[in-house]
Amino acid sequence: MKTVAVAFILLAVTAASAVEITVTTDPPVAAANLIANPSIEDGDGEPAAWRFGTAVPENFNNHWENTGRTGSRSLHVSAIEKVMSGYWTQAVNVQPGASYLLAGYYRTSGGRLLIFAKANYERDGVAMHFDERFYAGSKRDHWLSPVFLPPEAMTDPEVDEWVRFEKMLQIPPEVSEIAISMGSYFSPGETWFDDIYLGPATTDLHVAVDPAGAQLKSVRIIDEAGTELYVSPEGPVIIEPFEITVEDTQTQATWSVIATDTAGNETSVAYPAPGGEVQ
Ligand SMILES: [Ca+2]
């Protein structure tokens with residue numbers, strides 16, 4: 001009898017763990033990113049698709065960093081003095097008139113950084129400039145510190161803490177290419193950039209659940225903050241495969257899909273997969 005009991009338990013465990021959850025997006029997030037080499041992993045001696053520009057090269061000591069937020073590489077800017085700005089830049093083809101999210105991550109030892117999108121174009125024969133900027137800075141080396149700023153105002157992230165930036169861009173109807181630049185803005189310090197994204201701000205999230213013999217009590221989709229995007233209706237247990245579509249979810253968010261069976265066992269899938277590149 002003991003053997004039978006063990007066999008039953010193994011069967012139950014197998015059934016519970018066989019729940020299959022498949023998560024996809026439309027458009028696929030990886031394909032939606034217009035940035036080439038977004039995680040800075042590709043290159044031959046120097047990062048592919050990115051080039052560094054400054055009027056004073058001797059003020060910079062950059063390298064293709066051997067660490068990153070994801071993967072093992074990132075862009076690095078090291079400005080020695082505050083004599084000149086310098087930026088890593090990439091030209092990107094865009095859909096005229098489109099609305100895009102520009103996002104990514106930086107970490108910094110101090111100083112000011114500037115991320116901007118730029119294009120020159122003509123409208124009715126008049127020279128126009130598309131110029132969208134995102135300034136970020138650290139107060140760590142601020143000249144007011146520590147005399148005029150109280151210690152509690154020094155809320156800088158740690159040097160090893162990756163900080164997310166986001167900016168919505170409305171592309172003018174005349175513009176089909178923009179330059180994305182990220183770098184140091186007239187201040188000394190070291191800054192790193194990784195996981196750069198330019199693309200649609202929203203996407204449709206498709207989740208397919210196959211109980212595969214398990215009896216599911218509930219299926220939930222939650223975001224990073226724990227907010228529920230979807231909860232299956234209460235009622236009969238779920239034994240048939242089914243699909244859910246949640247429209248207009250944030251392209252750059254991370255979701256968890258959690259299926260719970262009638263015994264309380266949970267099967268969860270994170271999307272994008274942990275440690276994967278955010279693309
Ligand atoms: Ca990387």
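Trainee: Which residues does Thr249 touch, not counting residues up to four places away in sequence?

Mentor: In this predicted model, Thr249 touches Ala201, Thr202, Thr203, Asp204, Leu205, Leu229 and Trp255, with residues up to four places away in sequence not counted. Thr249 itself is found in strand β15, which covers residues 242-250.

Trainee: Is Thr249 buried or exposed?

Mentor: Burial is judged from relative accessible area, and under 20% counts as buried. Thr249 has a value of 5%, and is therefore buried.

Trainee: How should one read the site of the calcium ion, and which atoms coordinate the ion?

Mentor: One lists the donor atoms and then asks where they lie along the chain. The calcium ion is coordinated by Ser39 (O and OG), Glu41 (OE), Thr70 (O), Arg73 (O) and two OD entries of Asp194, at 2.3 to 2.7 Å. Along the chain, these donors follow the spacing S-x1-E-x28-T-x2-R-x120-D. Glu41, in the loop between α2 and β2, and Arg73, in the loop between β3 and β4, are 32 residues apart, and this pair links distant parts of the chain.

Trainee: Why does Glu41 count as partly exposed?

Mentor: Partly exposed lies between the cut-offs of 20% and 50%. Glu41 counts as partly exposed because its relative accessibility is 22%.

Trainee: What is the nearest side chain of opposite charge to Asp194?

Mentor: That side chain is Arg69, 6.6 Å away; Asp194 is buried yet has no salt bridge. The side chain of Asp194, a residue of strand β11, does reach the backbone nitrogen of Arg69 at 2.8 Å and that of Thr70 at 3.3 Å.

Methods. Residues numbered from 1 in each chain as written. Predicted model: local features only at pLDDT ≥ 70, side-chain atom pairs only at ≥ 80, totals over all residues. Heavy atoms only, no water. Helix = DSSP H or I, 4+ residues; strand = E, 2+ residues; numbered from the N terminus. Buried < 20%, exposed > 50% of the residue type's maximum accessible area, 1.4 Å probe, protein only. Lys, Arg positive; Asp, Glu negative; His and termini not counted. Salt bridge = Lys/Arg side-chain N within 4 Å of Asp/Glu carboxyl O. Polar contact = N/O pair within 3.5 Å; in protein donor to acceptor, adjacent residues only side chain to side chain. Donors = N, O, S within 2.8 Å, 3.2 Å for Na, K, Ca; no water. Contact = heavy atoms within 4.5 Å.
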